[in-house]
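Colleague: I am still learning how such terms are applied, and I would like to go through a structure with you, asking how each label is earned.

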Amino acid sequence: MDFRSIVKEYEPKIMEDLFGLLSIDSVRTEGTKDAPVGQGPKDALLYMLSLGERDGMVTKIVDNLAGHIELGEGKDLFGILGHVDVVPAGSGWDTDPFTPEVKDGYIIARGVQDDKGPTIAAYYAMKILKDLDLELNQRVRLIIGTDEESDWECTKVYFKNEEMPGAGFAPDAEFPLIYGEKGMTTFDLVFKSDIEPIGDHVLISIDSGERYNMVPESAQAVLKSTHVEDIVNTFKNYLNNTGEKGDFEVKDNEVSITMYGKSAHGSTPREGVNAAMLLNNFLKTITIDDRALKFIAFGDHFIVDNYDGKQFGINYTHNEMGESSVNTGVVKYAYDGESYYGVNLRYPVGLDFKAALEGFKKKLDIHHFEVENLTHMVPHYVDKNDPLVKTLLASYRKYTDDDTEPFTIGGGTYARVMERGVAFGAMFKDSLDTMHQKNERMKVEELLLATTIYLEALFRILVRGGNNED
Ligand SMILES: [Zn+2]
């Protein structure tokens, strides 16, 4: 069956329903008991459920945070996971972000690409399957979350009591398919020393980075000294010799030094130049106070040039998912306050993270550092040869001429919520990525193509029992 023409017939209805969803401002706001992440996200959820009811499907709302639309009968369940909350519109739009418009073949509105467009595409794949009145071998459920952009409260609550699908996909990333996502942890390496800051040059503060998942592009240190000019001269020479970029500013007996690096995403630290590491390297060359010396020495040992976790003893390389990665995104030092290195570490399946972390913690004791504020998400991985992957991929390839292999990523997608879930669309190879940006947009053509591919996938799984022969 060629589903392209069938989907094309539905275009006016798809557009109408999508426009209704896009018109709801579903940014998370202060919650109430009846709307835990705000009225907007809840209204968007109710809107989706109303489409399901209108079209004769079974719906359910779960704790006003999530819900589902279900089609078919049987013991087994196939899941599709989308979300209807959006990030704030921000400024600089050419149109009203919550008044969708079509211009030059693009639908423009906040959330059209992430994730309202793809969610509607998946919904219509279900609706068309229903209208075709074919016999289905299992149930299919569109699970709708309202807090993906913040804390995933929606799926946490949902899967507490609701059934876990046997397999599924999340239309919340890109084609062809993402089947592995690294484990992710952030923690602070907090300095616990009570050494007195005695020395020629006293370090008052270090300030670098705001976000754990970004490589900091600048790092600043403030030093106090009776010989500020010594520091300045050393710094000037240092910049000359290394060719690195920096600035300084003298004020009485204090000097503020700034090093410049290059920003990059925390999942690819080698693509950036970590300014905090550059600063650490410089501070190592001056006669600094005893307390700061310990902090800098620790950085030299564990942080500088640590891109893969080897220096922590938390590292592993997987043949498909690649190596573990470390980004020290935040560095703070205070003369008489909290001082720490803030780390974002990602790792592939196969690493015993708990054991590695325990080993690392033992090494820290003698340095007077401790691990604090740890968050952790385990890696997510579905076998590349899983029939689910094969069927989704075949469905995608039937309607595109793209042979790109499925891949794994360092970041996380919504798909990881499902035990046997992969991310599948809805951005195409040549789509403009406008997620979370002003003038967010999606081609009408891409919306229809994604719907067609999802319909094909559901047809293959629920009607043909996973048979991929053409
Ligand atoms: Zn999303």
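Colleague: What makes Asn 274 a cap of the N-terminal end of helix 7?

Modeller: A side-chain oxygen of Asn 274 lies 2.9 Å from the backbone nitrogen of Ala 276, and a polar contact is a pair of N or O atoms within 3.5 Å, where within protein one must be able to donate a hydrogen and the other to accept it, and residues adjacent in sequence count only if both atoms are side-chain atoms. Helices are DSSP runs of H or I with at least four residues, strands are runs of E with at least two, and both are numbered from the N terminus. Please keep in mind that this is a predicted model, in which local features need pLDDT of at least 70 and side-chain atom pairs count only at pLDDT 80 or more, while totals for chains, interfaces and linings use all residues. Residues are numbered from 1 along each chain as its sequence is written, and side-chain values use heavy atoms, with hydrogens and water left out.

Colleague: Why is Tyr 238 called buried or exposed?

Modeller: Tyr 238 has a relative accessible area of 14%, and buried means under 20%, exposed over 50% and partly exposed in between, with a 1.4 Å probe and protein chains only, so Tyr 238 is called buried. Its place is in helix 6, residues 228-242.

Colleague: Which residues does Tyr 238 touch, not counting those up to four places away in sequence?

Modeller: Taking contact as heavy atoms within 4.5 Å, Tyr 238 touches Glu 244, Leu 278, Asn 281, Phe 282 and Thr 285. Leu 278 and Phe 282 are among the buried residues of helix 7, a helix covering residues 275-283 in which eight of nine residues are buried.

Colleague: Why is the pair of Phe 169 and Tyr 454 called stacked?

Modeller: Rings of Phe, Tyr and Trp (its six-membered ring) pair if their centres lie within 6.5 Å, and planes under 30 degrees apart count as stacked, over 60 as edge-to-face and the rest as tilted. The structure holds 33 aromatic pairs. In the pair of Phe 169 and Tyr 454 the centres are 5.1 Å apart and the planes at 25 degrees, so the pair is stacked. Phe 169 belongs to strand 7 and Tyr 454 to helix 11, 285 residues apart.

Colleague: What makes the pair of Phe 187 and Phe 360 tilted?

Modeller: Phe 187 and Phe 360 are 6.4 Å apart, centre to centre, with 50 degrees between the planes, and this angle is neither under 30 nor over 60 degrees. Phe 187 lies in strand 10 and Phe 360 in helix 9, so the pair ties together parts 173 residues apart in sequence.
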